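Reader: I would like a close look at a single part of this model, namely its aromatic pairs and the sheet that carries some of the rings. Please take the geometry step by step.

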Amino acid sequence: YFWDPHNRLEQDAFHLLSASLTWTSMSERFSVQLSGQNLADEYHFVSGAEGAAGNDLYVPAGPRTYAVTLHYRM
């Protein structure tokens, strides 16, 4: 992927792996969700731009992240 019209700023190919797993109680009042983003911890950019005086700007994407979400319904 190229970030500029001159095909100078380039992003190499990458694959992202994200997943989530949810458990819900029989009464459906409680649930727990485990999730992860970028599980392979791929280093990649979300944007790139040509800067002034040849200083290029790349914005890196987030690293591997995990989350636990608890739900309770009244």
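**Aromatic pairs and the sheet**

Author: In this predicted model, the structure holds three aromatic pairs. One of them joins Phe 30 and Tyr 72, whose ring centres lie 5.1 Å apart with 45° between the planes, a tilted arrangement. This pair links distant parts of the chain, since Phe 30 belongs to strand E2 and Tyr 72 to strand E5, with the two positions 42 residues apart in numbering. As for solvent, Phe 30 is partly exposed at 43% relative accessibility, and Tyr 72 is likewise partly exposed, at 46%.

Turning to another pair, Tyr 43 and Phe 45 have ring centres 5.4 Å apart and planes at 80°, and the pair is therefore edge-to-face, because an angle over 60 degrees counts as such. Tyr 43 is exposed, with a relative accessible area of 61%, whereas Phe 45, at 22%, counts as partly exposed. Together with Tyr 58, Tyr 43 and Phe 45 make up one aromatic cluster.

The strands that hold Phe 30 and Tyr 72 belong to an open sheet of three strands, ordered E1-E2-E5 and paired in the antiparallel sense. Strand E1, residues 19-24, and strand E5, residues 65-72, are the edge strands, each pairing on one side only. On average, neighbouring strands of this sheet are turned by 10° against each other, if direction is ignored. Between E1 and strand E2, which spans residues 30-37, the antiparallel pairing runs over six bridges, and within it Thr 22 stands opposite Gln 33 of E2.

Key
Residues are numbered from 1 along each chain as its sequence is written. This is a predicted model: local features need pLDDT of at least 70, side-chain atom pairs count only at pLDDT 80 or more; totals for chains, interfaces and linings use all residues. Side-chain values use heavy atoms; hydrogens and water are left out. Two strands pair if DSSP finds at least two bridges between them. Helices (H or I, at least four residues) and strands (E, at least two) are DSSP runs, numbered from the N terminus. Axes are lines fitted to C-alpha atoms, for helices over the stretch in contact, and angles run from 0 to 180 degrees between N-to-C directions. Rings of Phe, Tyr and Trp (its six-membered ring) pair if their centres lie within 6.5 Å; planes under 30 degrees apart count as stacked, over 60 as edge-to-face and the rest as tilted. Buried means under 20% relative accessible area, exposed over 50%, partly exposed in between (1.4 Å probe, protein chains only).
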